[in-house]
Amino acid sequence: MEPATPGATVTLRDVAAASGVSLSTASRALDERGQAPRSAAAQHVRKVAEELGYRRNSFASSLRRGETRTLGVLVPRLSDTVMALMFEELERAASDRGYFAMVATSGDDPEDERRAAETLLDRNVDGLILATARLDDDLPRLLRNRGVTHALVLRTDGVSPSAVGDDEIGGYLAIRHLIDLGHHDIAVVTGPTFTSSGVGRLAGARRAFDEAGINPPQEWLIAAGYGIENGFSAGVALLGESSGKRPTAVFAANDNIALGVIAAAHKFGITVGQDLALVGYNDTPLSARLSTPLTSVRVPLAQIASTAIDLIVNPGKEPHIRKSMPTLIPRESSGSPKHFAGTDRI
């Protein structure tokens, strides 16, 4: 079979005619949505289409159905490893279902977030996925009021459809691990209080403390940002010369915070894994490759991404808020208990 003349457009009707099938049969065989038919006739149509150089006009067919097969994804920033990994998984899960995902960033600013959401909606996306939702954010409520199909990912406001890790279980696992190693002087550096993830991980940590009868000093429960610099500042406050009694273990509510705590420990000559036990969160790729590999709570991002896409593609299905289970990955950074010499310094 001769391919089409260069520059000529091969139509679906051309493929149907060359294949000896009806137009509707050719259309079904070449429909990229869902699982392609596996019959001999469908395979023959696809082979003919390839030989002719046929390209399906997905945009035009989507417009006829009143959809664009695109999803908008809104994240605070792509320089954050977790957000970049999350978008990759969302992109992959969307593609598996015949959708294209486009991303916009907001930098944790509610006004920028709203503008970015409107920009994506102006492009007629079929739904929005928000990794930016703050507990004090009105955007999910506004989207609900407007009837915009959307889902929250890694965050939840408790109302909108959400795909999240179980942050409370994750925080519990981290502190329980340190307690089981024999630690009692444990500090927690959690995320911002405006994020459901920060609130949830601290709640889980408190539950583990309560079970063990441990009441950490209030100054050892630090609400920080999720950046490395936030972890460094918290680490200086906890481990510095003026800090008084030092914790023997720290739970950092993400791996970036943990990296900052490691830098602060190095500044004061404290060896992580020997003088200080440390647990991070998210188990980013760098965690296992540090000079002292980092114990971290692993979040199943691929599962969360797949769930988020399902919430968009199949809106209305219960439950609206779906939690995926985290797993603690123990490594050398949590070490074995070793209290500081002179830990009760004045």
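Analyst: One term first: a helix axis here is a line fitted to C-alpha atoms over the stretch in contact, and angles run from 0 to 180 degrees between N-to-C directions. Also, keep in mind that this is a predicted model.

User: Okay. How do helix 1 and helix 2 sit: what is the angle at which their axes cross?

Analyst: Helix 1 (residues 12-19) and helix 2 (residues 23-30) have axes that cross at roughly 105 degrees and come within 9 Å.

User: What is the name for that arrangement of helix 1 and helix 2, and why?

Analyst: Angles of 65 to 115 degrees count as roughly perpendicular. The crossing angle is roughly 105 degrees, so helix 1 is roughly perpendicular to helix 2.

User: Which residues make that contact?

Analyst: Helix 1 brings L12, R13, V15 and A16, while helix 2 brings L23, A26, S27 and L30. By type, that's six nonpolar residues, one polar and one charged.

User: Now N282. What makes its phi stand out?

Analyst: Most residues other than glycine have a negative phi. For N282, phi is near 105 degrees, so a positive value in a residue that isn't glycine. N282 belongs to strand 9 (residues 277-282).

User: Is N282 buried or exposed, and how do you know?

Analyst: Buried means under 20% relative accessible area. N282 comes in at 14%, so it's buried.

User: And D283: where is it, and what is its phi?

Analyst: D283 is in the loop between strand 9 and strand 10 (295-298). Its phi is positive too, about 50 degrees, and D283 is not a glycine. With a relative accessible area of 13%, set against the cut-off of under 20%, D283 therefore counts as buried.

User: How much of the protein is buried?

Analyst: Buried residues are 50% of the 346 in the protein. The fold has 12 helices and 12 strands.

User: What share of the contacts joins residues 24 or more positions apart?

Analyst: Taking the contacts with a separation of 6 or more, 73% are between residues 24 or more positions apart.

User: Last one: what is the volume of the largest pocket, and which residues are closest to its centre?

Analyst: Its volume is about 320 Å³. Of the 22 lining residues, D80, M83, R155, Y226 and N254 are the closest to the centre. Helix 5 (81-96) and helix 9 (196-212) each give at least two residues to the lining.

User: What kinds of residues make up that lining?

Analyst: A mix: nine nonpolar, eight polar and five charged.

Terms used:
Residues are numbered from 1 along each chain as its sequence is written. This is a predicted model: local features need pLDDT of at least 70, side-chain atom pairs count only at pLDDT 80 or more; totals for chains, interfaces and linings use all residues. Side-chain values use heavy atoms; hydrogens and water are left out. On a 1 Å grid over the protein atoms alone, a cavity is a set of points where a 1.4 Å probe fits but cannot get out, and a pocket is an open set with protein on both sides within 12 Å along at least five of seven lines; lining residues have an atom within 4 Å of a point. Grid points are joined across faces, edges and corners, and a volume is the space filled by probe spheres set on the points. Helices (H or I, at least four residues) and strands (E, at least two) are DSSP runs, numbered from the N terminus. Ala, Val, Leu, Ile, Met, Phe, Trp, Tyr, Cys and Pro count as nonpolar, Asp, Glu, Lys and Arg as charged, and the others, Gly among them, as polar. Angles under 35 degrees count as roughly parallel, over 145 as roughly antiparallel, 65 to 115 as roughly perpendicular and the rest as oblique. Contact means heavy atoms within 4.5 Å. Buried means under 20% relative accessible area, exposed over 50%, partly exposed in between (1.4 Å probe, protein chains only).
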